[in-house]
Amino acid sequence: MSAPGRLVIVGLGPGEPHWLTPAARAALDGASDLIGYGPYLDRLGDLRPDQRRHASDNRVELERARHALTLAAEGRRVVVVSGGDPGVFAMAAAVFEAVEGGDPAWAGLDIHVEPGVTAMLAAAARAGAPLGGDFCAISLSDNLKPWEVLEKRLAAALSADFVICLYNPISRARPWQLGRALAIAREHRAPETPVIFARAVGRADEKLTVVPLAEAAGGLADMATLVIIGASTTRCVLRPAGERPWVYTPRSYGGGR
Ligand code: SAH
């Protein structure tokens, strides 16, 4: 029998190398094989000569997960990389789905999830403190779930007055969904509700835009954008002309302490 392998699913954080946790760094350093979407692997720079790189397309998550499990079962020290946190709309769920439906021996493997800074936390930190009250995260991608489910979930979250973080807001294949989501938001929230469009947070081309819900439009987002729709209590703290306002959600209702 070969040596026991190991599989670590690692979150790289949203972009800046200093947002990679020391534990994630240690897992990467301990890997014999690194698996992931090409651009995420590129972020790691040159690998050591003893490390193997297995880049893949972004769409083949389950296949990538099975490949990782197969290598770990052969005794390799495998790391699967994800952007942000690997458990948030990312590879960790694909790995457990593959374990559940795959070779029974996979359930006995040493599998470990190493967390990372997810996009909504990085975006919120840049904007101020929009997640100071209750919030939720919704992926707007209807590749893996029907749009009707998404509309219902959005309406429920809006009527429950959560701050809502929208991952995967738009793509070439899904051009209208964000516009529709914002229209649903306008049915529940005041026109002046702050909406944050946080693009490529932690990368060289980072851009943050804060607009009132009345002016929020799908065109302000792309695939690298995280959208945060404020709750009824979310507000802006104005700053000197030309500077972006801080956005925050008070922790208490009614402004008391
Ligand atoms: N696992 C990732 C999310 C994967 S889904 C995480 O925890 O962050 C991909 C979506 O995440 C993108 O469409 C975008 O909405 C968001 N995202 C990822 N990185 C981002 C970044 N640096 N800035 C803003 N949004 C980002």
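Ala 200 lies in the loop that links strand E9 to strand E10 (residues 207–212). In this predicted model, Ala 200 has a positive phi of about 50 degrees, although it is not a glycine. The residue is buried, and its relative accessible area is 1%. Phe 89 makes a good companion case: here too phi is positive, at about 50 degrees, in a residue that is not a glycine. Phe 89 is found in the loop between strand E4 (77–82) and helix H4. With a relative accessible area of 41%, Phe 89 is partly exposed, whereas Ala 200 is buried.

Strand E9, which comes before the loop of Ala 200, also contributes to the largest nonpolar core. This core holds 24 residues, and Ile 164, Leu 166 and Phe 197 are the members that touch the most others. Two or more residues each come from strand E7 (135–139), helix H6 (147–159), strand E8 (163–167), helix H7 (177–188), strand E9 (194–199) and strand E11 (225–229). A second core, separate from this one, has 19 residues, including Met 120, Val 163, Ile 196 and Val 210. In general terms, nonpolar side chains in soluble globular proteins tend to be buried together.

The sheets can be taken next, beginning with an open sheet of 5 strands. Its strand order is E3-E2-E4-E1-E5, and the pairing is parallel. Strand E3 (52–56) and strand E5 form the edges, each pairing on one side only. From one strand to the next, the twist averages 15 degrees. Strand E1 (residues 6–11) is mostly covered, with 5 of its 6 residues buried. Towards strand E4, E1 pairs in the parallel sense over 6 bridges, and Val 8 stands opposite Val 79 in E4. Towards strand E5 (residues 110–114), E1 again pairs in the parallel sense, over 5 bridges. Within that pairing, Arg 6 stands opposite Asp 110, and the bridge partner of Leu 7 is Ile 111. As a general point for reading such a strand, side chains alternate between the two faces of the sheet when the strand is regular.

Helices also meet this sheet. Helix H1 (residues 22–29) lies across E1, strand E2 (33–37), E4 and E5, and runs at about 140 degrees to E1. Helix H4 packs on the sheet as well, touching E1, E4 and E5, and its direction makes about 160 degrees with that of E5.

Beyond its contacts with the sheet, H4 packs with another helix. Two packed helices are generally described by the angle between their axes and the distance between the axes. For helix H3 (residues 61–73) and helix H4 (residues 91–101), the angle is about 65 degrees and the axes are 8 Å apart. H3 and H4 are therefore roughly perpendicular to each other, and their crossing is right-handed. On the H3 side, the residues in contact are Glu 61, Leu 62, Arg 64, Ala 65, Arg 66 and Leu 69. Their counterparts in H4 are Met 91, Ala 94, Val 95, Glu 97, Ala 98 and Val 99.

The loop between H4 and E5 contains Gly 102. This glycine is partly exposed, with a relative accessible area of 28%. Gly 102 and Arg 126 are 24 residues apart along the chain, and their C-alpha atoms are separated by 41 Å.

A further open sheet has 3 strands in the order E6-E13-E12, with mixed pairing. Its edge strands are strand E6 (128–129) and strand E12 (235–237), each of which pairs on one side only. Strand E6 runs parallel to strand E13 (residues 246–248), and 2 bridges join the two. In this pairing, Gly 128 has Val 247 of E13 as its bridge partner.

Technical notes:
Residues numbered from 1 in each chain as written. Predicted model: local features only at pLDDT ≥ 70, side-chain atom pairs only at ≥ 80, totals over all residues. Heavy atoms only, no water. Core = buried A, V, L, I, M, F, W, Y, C linked by side-chain atoms within 4.5 Å. Buried < 20%, exposed > 50% of the residue type's maximum accessible area, 1.4 Å probe, protein only. Helix = DSSP H or I, 4+ residues; strand = E, 2+ residues; numbered from the N terminus. Pairing = 2+ DSSP bridges. Axes fitted to C-alpha atoms, helices over the stretch in contact; angles between N-to-C directions. Parallel < 35°, antiparallel > 145°, perpendicular 65-115°, else oblique. Left-handed = near helix turned anticlockwise from the far one by under 90°. Contact = heavy atoms within 4.5 Å.
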